Every structure is written in C-alpha cells, then in structure tokens.
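Visitor: Could you walk me through this protein, one topic at a time?
Guide: Certainly; please have a look at it before we begin.

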Amino acid sequence: MENRTTVLYVDDNPKSSRLLTSVLEECGFRVITKNDPVEALALCTRTYFDLALLDYEMPLMSGSQLAREIKFLVPDVPVVLISGRAALPATELTFVDAHVGFGTALDDLLWTMRILVRPKVAIADHHHGDQREMTQWADST
C-alpha cells in the first residue's frame with residue numbers, strides 16, 4: 001500500500017492547479033488534478049482519494065456545490081475549500097471540513113490537509129489488531 005496521501009484537487013484555473021500540484025507533490029502528496037468539477041465528480045465514483053481540495057469559484061459548479069456532491073458519494077473524505085476570500089458565508093461551508101482563504105500561509109494549508117487525513121499506518125495497524133482479536137476469539141471457542 002502506498003503511504004502517500006492522495007488528494008483530488010479541483011481548480012478550473014490550469015496555471016494555478018499546475019503550481020499547487022507541483023508544491024503538493026514536492027511535499028509528499030499524490031495529486032489527482034481536474035480542471036472541470038463535473039469530470040471530478042465522475043471520477044469520485046471510480047477513484048480512491050484521501051482528501052478533496054476544491055477551488056471555491058468555478059464555472060458550472062462552485063466548490064461548495066462540489067463538496068456537497070462529494071460528501072454524498074464519499075461521506076468520510078475530508079474536503080478543504082480554497083478561495084481568494086478571507087471568509088465565506090456559513091451556508092457555503094456546510095459540507096466543507098476546512099476553508100483556507102486569502103492570507104493563509106502555504107504551511108497552514110499543508111498542516112490542515114495532514115490533520116484532516118487519518119494516518120494510513122494507524123489504520124493498517126488497527127486492521128491487524130482486529131485480525132489478531134478475531135483469531136484469539138476463534139481459538140478460545
């Protein structure tokens with residue numbers, strides 16, 4: 001199993017998405033980039049990812065609308081919304097786990113993303129613990 005966190009990054013601006021994708025990959029993330037929110041939504045049904053990073057202002061579907069649709073399909077995946085605004089109305093953040101807006105440092109974005117994603121090692125260890133417990137239970141019966 002790959003230990004890198006997989007991020008679905010959706011931004012309609014190809015230049016911005018290339019730049020942030022490059023930075024995220026340098027920081028150890030695996031990034032799946034889409035410039036079209038409708039394409040990204042279709043991808044959600046057939047591709048695994050640990051976190052969705054969504055641009056707020058996109059044509060056809062806003063990042064908030066896309067967040068709602070992603071949470072419907074994959075409820076446990078954290079969603080981070082990025083925007084050029086310092087704050088967004090609460091109604092726009094209903095299906096969003098974190099909003100990173102104007103004035104936020106890159107380190108804060110990276111920290112937020114890492115905090116929202118459960119470590120894969122801990123998940124793998126937990127599953128092995130369940131297996132041992134099941135084996136012990138089976139042996140005792």
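The conversation below goes through the overall make-up, a helix pair, some single residues and a pocket.

Visitor: What sort of model is this, and how are residues numbered?
Guide: This is a predicted model, in which local features need pLDDT of at least 70 and side-chain atom pairs count only at pLDDT 80 or more, while totals for chains, interfaces and linings use all residues. Residues are numbered from 1 along each chain as its sequence is written, and side-chain values use heavy atoms, with hydrogens and water left out.

Visitor: How many helices and strands does the protein have?
Guide: The protein has 5 helices and 5 strands. Helices (H or I, at least four residues) and strands (E, at least two) are DSSP runs, numbered from the N terminus. Starting at the N terminus, the order of elements is β-α-β-α-β-α-β-β-α-α.

Visitor: What percentage of the residues is buried?
Guide: Of the 141 residues in the protein, 39% are buried. Buried means under 20% relative accessible area, exposed means over 50%, and partly exposed lies in between (1.4 Å probe, protein chains only).

Visitor: Now the helices. At what angle do α2 and α3 cross?
Guide: The axes of helix α2 (residues 37-44) and helix α3 (residues 63-73) cross at roughly 10° and come within 10 Å. Therefore α2 is roughly parallel to α3. Axes are lines fitted to C-alpha atoms, for helices over the stretch in contact, and angles run from 0 to 180 degrees between N-to-C directions. Angles under 35 degrees count as roughly parallel, over 145 as roughly antiparallel, 65 to 115 as roughly perpendicular and the rest as oblique.

Visitor: Which residues make that contact?
Guide: Pro37, Leu41 and Cys44 of α2 meet Leu66, Glu69, Ile70 and Leu73 of α3. Contact means heavy atoms within 4.5 Å. By class, this contact has 6 nonpolar, no polar and 1 charged residues. Here Ala, Val, Leu, Ile, Met, Phe, Trp, Tyr, Cys and Pro count as nonpolar, Asp, Glu, Lys and Arg as charged, and the others, Gly among them, as polar.

Visitor: Is Gly63 buried or exposed?
Guide: Gly63 belongs to helix α3 and is buried, because its relative accessible area is 0%. Not counting residues up to four places away in sequence, Gly63 touches Leu54, Asp55, Tyr56, Met58 and Leu81. Gly63 and Asp11 lie 52 residues apart in sequence, with 8.7 Å from C-alpha to C-alpha.

Visitor: And where does Leu60 lie?
Guide: Leu60 lies in the loop between β3 (51-55) and α3. Leu60 is exposed, as its relative accessible area is 74%. Although Leu60 is not a glycine, it has a positive phi of about 70°. Most residues other than glycine have a negative phi.

Visitor: What does Arg114 contact?
Guide: Leaving aside neighbours within four places in sequence, Arg114 is in contact with Cys27 and Phe29. Arg114 sits in helix α4 (residues 106-116) and is partly exposed, with a relative accessible area of 44%.

Visitor: Let us end with pockets. What is the volume of the second largest pocket?
Guide: The second largest pocket has a volume of about 200 Å³. Of its 13 lining residues, the closest to the centre are Ile82, Ser83, Val100, Gly101 and Thr104. On a 1 Å grid over the protein atoms alone, a pocket is an open set of points where a 1.4 Å probe fits, with protein on both sides within 12 Å along at least five of seven lines; lining residues have an atom within 4 Å of a point. Grid points are joined across faces, edges and corners, and a volume is the space filled by probe spheres set on the points.
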